[in-house]
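Q: I'd like a close look at one part of this model. Take your time with it, and feel free to bring in the surroundings afterwards.

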Amino acid sequence: MVALLAATAAYYIADTIVHDVSSGSYAYDTVYWWVASALFGPVLGAIGACAGHPGVIGMLARLTVPVGAAVQMAVLPPGRNDVLTNIGQWVVWTAAAVAAGLVVAHFLRVRRRA
C-alpha cells in the first residue's frame, strides 16, 4: 500500500511539474486518490494474488481486469465527443470480451485435462 500511495503522490507531483499547474486542486486530487488507494489497493492486491491459483477463484480473479475495463467504459466513458467516446468504448469492450473469452477458454481447457 505504501508503494501505491507513493506512486499516486509521484504522479501528481510530476503532472504538476509537466503541466505547470500551480493551483491547489491537485492537493485535493492526491488526497482523493490516496483514500481510494487505501480502500481498494489491498482488495485488488489480494485479488491479484489469487490470479495464479487454479480453479474458479483464479479464473474470477483473472476476469477482474476485463470486467473492470468494461464497467469503466459504461460509468466513465472516454473521449471529448461522441465519435471518440464510441470508438474508445468499442475498442475497450472488444478487448475486454476477447480477454474474458481467453480466460474462460483457458480455464475450461485446463479443467478438461484434469
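Is Trp-33 buried, exposed or partly exposed, and what is its relative accessible area?

A: Trp-33 is partly exposed, with a relative accessible area of 41%. That label applies because buried means under 20% and exposed means over 50%, and 41% falls in between. Bear in mind that this is a predicted model.

Now for the ring. A search of the whole structure turns up 1 aromatic pair. That pair is Tyr-32 with Trp-33, set edge-to-face, with 5.1 Å from centre to centre and 85 degrees between the planes. The edge-to-face label fits because the angle is 85 degrees and anything over 60 counts that way. As for Tyr-32, this residue is partly exposed too, with a relative accessible area of 46%.

For some surroundings, look at helix H5, which covers residues 82–113. Its 32 residues should span 46 Å at 1.5 Å a residue, and the end C-alpha atoms are 46 Å apart, so the two agree. At the N-terminal end, Asn-81 acts as the cap, placing a side-chain oxygen 3.1 Å from the backbone nitrogen of Val-83. Further along, the buried residues of H5 include Gly-88, Ala-96, Val-103 and Phe-107. The buried residues of H5 pack against helix H3 (56–62) and helix H4 (64–75).

How far to trust all this? The protein chain averages a pLDDT of 87, and 94% of the residues score at least 70. Confidence is highest in H3, at a mean of 96, and lowest in helix H1 (residues 2–19), at 79.

Terms used
Residues are numbered from 1 along each chain as its sequence is written. This is a predicted model: local features need pLDDT of at least 70, side-chain atom pairs count only at pLDDT 80 or more; totals for chains, interfaces and linings use all residues. Side-chain values use heavy atoms; hydrogens and water are left out. Rings of Phe, Tyr and Trp (its six-membered ring) pair if their centres lie within 6.5 Å; planes under 30 degrees apart count as stacked, over 60 as edge-to-face and the rest as tilted. Buried means under 20% relative accessible area, exposed over 50%, partly exposed in between (1.4 Å probe, protein chains only). Helices (H or I, at least four residues) and strands (E, at least two) are DSSP runs, numbered from the N terminus. The expected span of a helix is 1.5 Å times one less than its number of residues. Contact means heavy atoms within 4.5 Å. A polar contact is a pair of N or O atoms within 3.5 Å; within protein, one must be able to donate a hydrogen and the other to accept it, and residues adjacent in sequence count only if both atoms are side-chain atoms. pLDDT is the predictor's confidence in each residue, from 0 to 100.
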